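Trainee: I would like to test how the labels used for this model follow from their definitions. Could we go through some examples together?

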Amino acid sequence: MKAALRNPVDFSQFPDANGHFDRYGGRFVAETLMEALHELNEAWRDCRNDPEFLAELDADLAHYVGRPSPLYYAERWSRQLGGARIYLKREDLNHTGAHKINNTVGQALLAKRMGKTRLIAETGAGQHGVASATVAARLGMECVVYMGAEDIQRQALNVYRMRLLGATVQPVTSGSRTLKDALNEALRDWVANVDNTFYMIGTVAGPHPYPLMVREFQAVIGREAREQMLSEYNVLPDALVACVGGGSNAIGLFHPFLNDSEVAIYGVEAAGSGIDTGRHAATLCAGQPGVLHGNRTYLLNDEHGQITETHSVSAGLDYPGVGPEHAWLKDIGRAQYVAITDDEALQGFHDLTRAEGIIPALESSHALAYVTKLAPTMRPDQSIVVNLSGRGDKDIYTVAALEGIQL
Amino acid sequence: MNRITHRFQELRRAGRKVLIPYITAGDPHPELTVPMLHALVAAGADIIELGVPFSDPMADGPVIQKACERALAQGMTPRRVLELVREFRQIDAQTPLVLMGYLNPIERMGHAAFVAAARDAGVDGVLTVDLPPEEAAEPIELMSAAGIAPIFLVAPTSSVERIRRTAQLAQGYLYYVSLKGVTGSAALNVAEVAEKLATIRACTDLPLGVGFGIKDPPTAAAVARIADAVVVGSALVAKMHELADDPERMRREVAAQLAAMRQAMDQAGMPTAFAG
Ligand SMILES: Cc1ncc(COP(=O)(O)O)c(C=O)c1O
């Protein structure tokens with residue numbers, strides 16, 4: 001953050017025309033997809049300035065997703081923690097229960113404009129898969145969701161939701177059988193069906209223009225939060241906190257505040273069993289720059305450049321890469337990235353549930369757990385906005401099992 | 001002159017087409033790789049593409065994915081691949097060798113260190129599947145300085161403008177991906193390939209190799225009639241996996257498979273239009 005103050009950067013100017021955030025981002029895919037990415041980029045460029053497209057998107061966000069989402073003052077929890085005032089951005093109240101739908105509603109409109117008839121997606125926790133299957137049902141499009149065989153076991157509820165919605169859930173048995181392998185498989189499908197298929201990536205990763213496009217669809221979170229803070233409390237928050245898997249809910253909250261250099265920004269990664277155990281998914285905290293899934297970013301990989309397996313209690317954070325814009329924000333010091341263990345996240349899950357009557361997603365619980373550390377270090381006249389990226393219904397089986405309870 | 005260019009010229013003069021088998025280094029076992037490479041040369045390989053295994057081979061179908069997994073499980077690393085190349089070079093100083101793989105293992109080693117090590121080992125070309133030419137300025141410069149050919153893909157979806165730009169940066173040969181799909185996909189359409197090759201030829205003088213989807217001698221022969229080189233990978237890798245428990249038989253049968261393609265290609269003759 002100090003660097004940003006010394007050296008003002010206009011964050012709205014990034015990425016460049018080829019998707020670079022300084023050294024990060026770009027397009028690193030096999031040749032067959034290069035034209036498809038250019039075509040997507042052109043279509044997206046046309047749409048983002050087209051009042052008709054934007055009006056249709058706004059209407060869907062209002063009437064289908066249920067936006068704007070509330071900014072809720074967690075008064076009791078704030079008092080318990082004894083420090084800053086805590087505001088929850090309630091993405092858990094969106095249709096389908098997470099921020100993921102902001103993105104799929106937008107990409108689906110774009111797919112329709114481009115005349116594509118088939119949607120494909122990858123999913124880890126199943127939230128993006130559900131959000132994709134949901135918009136596909138609404139548009140009457142075929143939908144195939146790639147999901148690691150391992151994750152299918154962990155997220156049975158969301159698998160069934162996708163099937164109810166008419167999507168085909170395709171188990172991925174290659175590699176580590178988790179989200180990264182699902183992404184590989186979706187890319188392979190796209191290569192083979194590039195003429196009629198639209199690939200909906202679920203986070204701010206992948207080749208350009210995905211990190212930019214998904215950011216813009218998710219930035220509605222931060223635009224609303226900024227506006228809500230200013231109109232309801234007449235101040236900007238002192239700090240923002242969000243969990244980081246691929247980084248879409250985080251960049252969605254952060255981006256509209258990046259030029260407000262007085263706002264401190266914290267991205268919270270999954271430390272799993274602890275970073276020193278090697279069983280974690282804290283890419284920015286413990287990884288190095290490399291290239292995976294179409295972009296240059298921080299990665300978890302071994303000394304030979306092989307991508308390593310990750311671990312987190314929350315499937316949605318269990319990914320060895322991260323969006324390239326976060327890599328850049330880390331390097332220039334505009335955002336700080338920290339990590340929260342499985343145990344701390346579970347504590348955060350219970351804390352919010354009991355203090356406010358809101359059951360959060362395990363992903364979001366990582367952000368909440370960091371707030372329990374940050375808030376007490378701040379004054380009561382200061383404020384934190386934390387992104388409550390999803391609700392916890394999908395996770396109650398996991399939590400119960402960890403506590404030895406069979407549902 | 002780079003061994004690759006030399007080999008293309010040599011075969012062109014002899015009126016034959018270039019046959020390029022692909023295998024994954026370290027699959028099914030690191031000790032079997034160098035003997036397999038020699039067997040491929042004996043069976044008629046003109047150039048060899050040696051796969052550098054990667055944990056996330058996004059452009060590969062199940063056959064080569066599994067080969068990568070097996071090789072990695074045996075402890076294969078980029079440096080060990082280069083050791084295998086060095087070992088191969090102790091006996092064979094003629095056959096051009098092209099490494100084919102993904103970018104991250106190279107980035108982790110560092111482009112300069114990788115290129116230096118590859119040159120010292122005796123590598124002639126490098127094809128990095130997920131490195132499009134527009135992101136490749138630094139590696140191209142380093143490879144050119146080391147006498148290593150940067151090899152790039154051209155796809156059915158590539159526009160004329162892209163083909164032109166790619167051809168300007170590529171050396172050795174252009175690798176035309178014959179179909180929209182991953183390695184080992186279903187059969188290619190020879191008429192479609194011929195049409196696209198004509199477009200590509202109008203953009204460049206580089207030799208054109210065709211790969212993805214070439215599984216049997218008739219297809220190899222058909223492609224040899226329209227291209228300068230035929231690349232065959234998954235069909236060989238699948239056979240290697242099938243016979244992995246019997247290395248002698250594996251080498252014999254994979255060599256026979258390649259020899260049958262060689263024979264079919266040589267009998268196919270070479271239309272003068274492409275005689276160069
Ligand atoms: C509720 C929730 N939050 C966060 C994430 C992590 O994704 P991202 O970092 O892209 O927001 C997920 C992913 O599935 C999720 O379901």
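Mentor: Gladly, and let me start with one for you: in which helix of chain A is A:Met213 found?

Trainee: A:Met213 is in helix H10, residues 210–218 of chain A. What makes a run of residues a helix or a strand here?

Mentor: Both are DSSP runs, numbered from the N terminus: H or I over at least four residues for a helix, E over at least two for a strand. This is a predicted model, in which local features need pLDDT of at least 70 and side-chain atom pairs pLDDT 80 or more, while totals for chains, interfaces and linings use all residues. Residues are numbered from 1 along each chain as its sequence is written, chains are lettered from A and ligands numbered from 1 in the order in which they are written, and side-chain values use heavy atoms, leaving out hydrogens and water.

Trainee: Why is A:Met213 called buried?

Mentor: Buried means under 20% relative accessible area, exposed over 50%, and partly exposed in between, with a 1.4 Å probe and protein chains only. A:Met213 has 0% relative accessibility, so this residue counts as buried. Leaving aside residues up to four places away in sequence, A:Met213 touches A:Leu40, A:Trp44, A:Gln107 and A:Leu110, where contact means heavy atoms within 4.5 Å.

Trainee: And what makes A:Ala339 partly exposed?

Mentor: The relative accessible area of A:Ala339 is 23%, so the label is partly exposed. This residue sits in strand S14, residues 336–341 of chain A. Beyond four places in sequence, the residues A:Ala339 touches include A:Glu269, A:Ile275 and A:Cys285.

Trainee: What about A:Thr96: buried or exposed?

Mentor: A:Thr96 has a relative accessible area of 9%, so buried is the right word. The residue is in the loop between strand S4 (85–90) and helix H5 (100–113) of chain A. Its phi is positive, about 70°, although A:Thr96 is not a glycine.

Trainee: Which residue of chain B, also not a glycine, has a positive phi of about 80°?

Mentor: That is B:Phe212, in the loop between strand S7 (208–211) and helix H10 (217–226) of chain B. B:Phe212 counts as buried because its relative accessibility is 9%.

Trainee: How do you know that chain B agrees with a compact globule?

Mentor: The globule rule is 2.2 Å times the number of residues to the power 0.38, set against a radius of gyration over C-alpha atoms. For the 276 residues of chain B the rule gives a value near 19 Å, and the chain has 17 Å, so the two agree. Along its principal axes the C-alpha trace spans about 45 × 40 × 35 Å, and 62% of the residues of chain B count as buried. Chain B holds twelve helices and eight strands.

Trainee: Why can strand S1 of chain B be called mostly covered?

Mentor: Seven of the seven residues in S1 (18–24) are buried. B:Val18, B:Ile20, B:Tyr22 and B:Thr24 point one way, and B:Leu19, B:Pro21 and B:Ile23 point the other way.

Trainee: How do you know that S1 of chain B is paired, and with which strands?

Mentor: Two strands pair if DSSP finds at least two bridges between them. S1 has four bridges to strand S8 (229–232) of chain B, running parallel, and three to strand S2 (48–51) of chain B, also in the parallel sense. B:Leu19 has B:Val230 as its bridge partner in S8, while B:Tyr22 stands opposite B:Glu49 in S2.

Trainee: Which elements do the buried residues of helix H2 in chain B pack against?

Mentor: They pack against S1, S2, helix H4 (78–91), helix H11 (234–242) and helix H12 (247–268) of chain B. Among the buried residues of H2 (30–42) are B:Leu32, B:Met36 and B:Leu40.

Trainee: What makes S1 and S12 of chain A edge strands?

Mentor: They belong to an open sheet of four strands in the order S1-S2-S13-S12, with antiparallel pairing. S1 (20–21) and S12 (288–292) of chain A each pair on one side only. Inside that sheet, S2 (24–28) and S13 (294–299) of chain A share two bridges, and A:Gly25 has A:Arg296 as its partner in S13.

Trainee: Which peptide bond of chain A is cis with omega near 0°?

Mentor: The one from A:Phe14 to A:Pro15. The bond from A:His208 to A:Pro209 is cis too, with omega near 15°, and A:Pro209 is in the loop between strand S8 (197–200) and H10 of chain A, the helix where we found A:Met213.
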